[in-house]
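Here is a short guided tour for anyone meeting this protein for the first time. Take a look at the model, then read on with it beside you.

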Amino acid sequence: MSFNVFIGLEIHIELKTNSKMFCNCANDCFEAEPNTHTCPVCLGLPGALPVVNQKAIEEVILTGLALGCQIPLFSKFDRKNYFYPDLPKGYQISQFDLPLCQKGNFQEIKIRRVHLEEDTAKLFHETINNEKVSLIDFNRSGVPLMEIVTEPDLRSAVQAKEFLKKLQQLVRFLKVADADMEKGQMRCEPTVNLEIENNGRKFYTPLVEVKNINSFRFVEKAIEYEIKRQLEEFEKTGVEKQAGNKTTRGWDNKNQKTVLQREKEEASDYRYFPEPDLPPMRFTQEQIEIIKKSMPELPEEKTKKLMKDYHLTSQQVKDLIGDEQKMAYFEKALPVLIKEKIDFPQAVNLIINKRIDITKTEPEDLAQAIKSKDKTPQLPQEELEKMVKEVISNNPEIVAQFKKGKVTVIEVLVGQMMGKTKGQANAAQIRGMLREKMI
Ligand SMILES: [Zn+2]
């Protein structure tokens with residue numbers, strides 16, 4: 001018996017627009033006093049009419065473009081009907097058959113759709129005066145919520161986790177969301193099932209969706225648990241997947257397992273229909289082009305550029321890209337570093353390892369600090385040349401890799417040179433000498 005794993009992801013990400021999705025309330029409710037960011041629209045009072053937040057639509061389209069999606073020129077909002085206390089209207093404004101974006105590809109995983117909806121209120125289950133009560137905070141109600149749905153192309157828990165991290169990085173780069181999982185700004189629902197091959201016949205286990213996970217680690221654990229559980233369940237019962245059926249489970253972190261929440265959930269249960277209070281949306285190709293032009297440089301391109309142009313290691317790039325403030329500082333310091341001929345990796349080390357306070361140090365001072373440190377005695381040029389030749393002839397494999405275009409391996413040789421010279425050389429100069437000899 002052998003098996004394959006199929007994992008699809010539904011990811012909800014709160015957009016960080018100034019105002020909420022369908023009203024003027026401020027969209028900055030994290031840690032705000034409960035029910036202070038509300039109005040008749042996001043409280044769902046009878047007769048209150050929604051007005052669309054254009055910025056939120058543009059941000060979803062921008063994200064869709066970055067995910068390689070097609071952007072249809074016609075889209076609409078729909079009502080998803082269900083009853084729950086966090087949804088006073090009795091329906092959520094969402095999108096059903098005509099999402100804003102569809103058919104994309106990101107990290108070699110197919111994206112089925114990206115759509116826009118409103119977030120719900122938040123429930124708190126507490127005990128007050130020995131009485132169990134449920135409290136509702138409507139601050140989150142109506143926050144623009146982007147939903148990204150992948151095809152079941154992921155094959156392991158680790159791959160799913162890495163995909164989510166890349167996606168988080170992407171929306172942060174696009175500046176459409178902070179996507180902080182601890183704050184609930186990014187939530188994930190993996191759908192998992194297995195294809196089991198036994199005696200030449202293929203079987204499929206029932207689809208299971210694990211609801212609302214708010215940590216990368218929990219996503220990984222929940223998927224791993226589901227794979228194990230479904231295998232055991234199938235061996236015991238032999239029950240197979242039925243078309244259209246999906247069971248919902250939740251992740252119980254305390255007991256490290258998923259628990260059954262609801263069986264058999266279908267789209268028809270929600271009785272979707274077009275939202276009568278909002279006109280459908282029509283876009284022109286020109287409008288889409290304008291959004292496309294506002295696209296910043298994406299993480300992948302930026303990584304390549306930083307490694308190639310500034311000789312940073314992949315770890316240095318990872319650290320910089322993961323920290324908006326440090327990245328901004330490096331970019332601000334670049335002209336000075338270039339002018340003063342400062343070694344970029346050396347400067348980045350100081351920035352990453354917090355050996356300078358980037359909130360207080362001007363780039364000029366950073367350059368001076370590095371320069372004065374570089375005033376260690378330098379070996380004579382002829383001696384350096386000799387050592388460079390030695391290092392190159394001792395490392396034919398690294399030289400070959402460099403010539404094939406893997407330029408960052410030069411750092412291995414720079415490291416060897418710094419060791420050989422006992423630090424009595426300038427890394428930038430050495431790098432230049434090595435480069436010259438190898439090209
Ligand atoms: Zn409101």
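## How H6 meets H8

In this predicted model, helix H6 crosses helix H8 in a left-handed sense. You can find H6 at residues 314-321 and H8 at residues 344-352; their axes lie 11 Å apart and make an angle of about 45 degrees. The two helices are therefore oblique to each other.

Which residues of H6 and H8 meet? From H6 come Gln316, Asp319 and Leu320, while H8 brings Pro345, Val348 and Ile352. Sorted by character, the residues of this contact of H6 with H8 are four nonpolar, one polar and one charged.

## H8 and its contact with H7

H8 also packs against helix H7, which covers residues 324-339. Here the angle is about 145 degrees, and the axes are 11 Å apart. The crossing of H7 and H8 is right-handed.

On the H7 side, the contact uses Lys326, Tyr329, Phe330, Ala333 and Leu337. Facing them in H8 are Phe344, Ala347, Val348, Ile351 and Ile352. Nine of the residues in this contact of H7 with H8 are nonpolar, none is polar and one is charged. Val348 and Ile352 may look familiar, as H8 also uses them to meet H6.

## H6 and its contact with H5

Now go back to H6 and look for helix H5, residues 299-310. H5 and H6 pack at an angle of about 135 degrees, with 10 Å between their axes. That angle makes H5 oblique to H6.

The crossing of H5 and H6 is right-handed. H5 contributes Pro299, Lys302, Thr303, Leu306 and Met307, and H6 answers with Ser314, Val317, Leu320 and Ile321. The residues of this contact of H5 with H6 comprise six nonpolar, two polar and one charged. Leu320 of H6 is also among the residues that meet H8.

## A sheet of three strands

Next, the strands. Three of them form an open sheet in the order E4-E3-E15, with antiparallel pairing. Strand E4 (91-94) and strand E15 (273-274) are at the edges and have a single partner strand each, so one side of each has no neighbour in the sheet.

Strand E3 spans residues 78-81 and runs antiparallel to E4, joined to E4 by four bridges. To see this pairing in the model, find Asn81, which stands opposite Tyr91 in E4.

## A hairpin to look for

Strands E10 (residues 186-198) and E11 (residues 201-204) are another antiparallel pair, linked over four bridges. Within this pair, Ile196 is opposite Phe203 in E11.

How many residues lie between the strands of the hairpin of E10 and E11? There are two residues between them, and in this hairpin Asn199 takes a positive phi near 50 degrees.

## Stepping back to the domains

Finally, take in the whole chain. The protein is divided into domain 1 (2-290), domain 2 (297-375) and domain 3 (378-439). Taken over C-alpha atoms, the centres of domain 1 and domain 3 are separated by 51 Å.

Note on methods
Residues numbered from 1 in each chain as written. Predicted model: local features only at pLDDT ≥ 70, side-chain atom pairs only at ≥ 80, totals over all residues. Axes fitted to C-alpha atoms, helices over the stretch in contact; angles between N-to-C directions. Parallel < 35°, antiparallel > 145°, perpendicular 65-115°, else oblique. Left-handed = near helix turned anticlockwise from the far one by under 90°. Contact = placed C-beta atoms within 7 Å. Nonpolar A, V, L, I, M, F, W, Y, C, P; charged D, E, K, R; others polar. Pairing = 2+ DSSP bridges. Domains from an automatic or database assignment.
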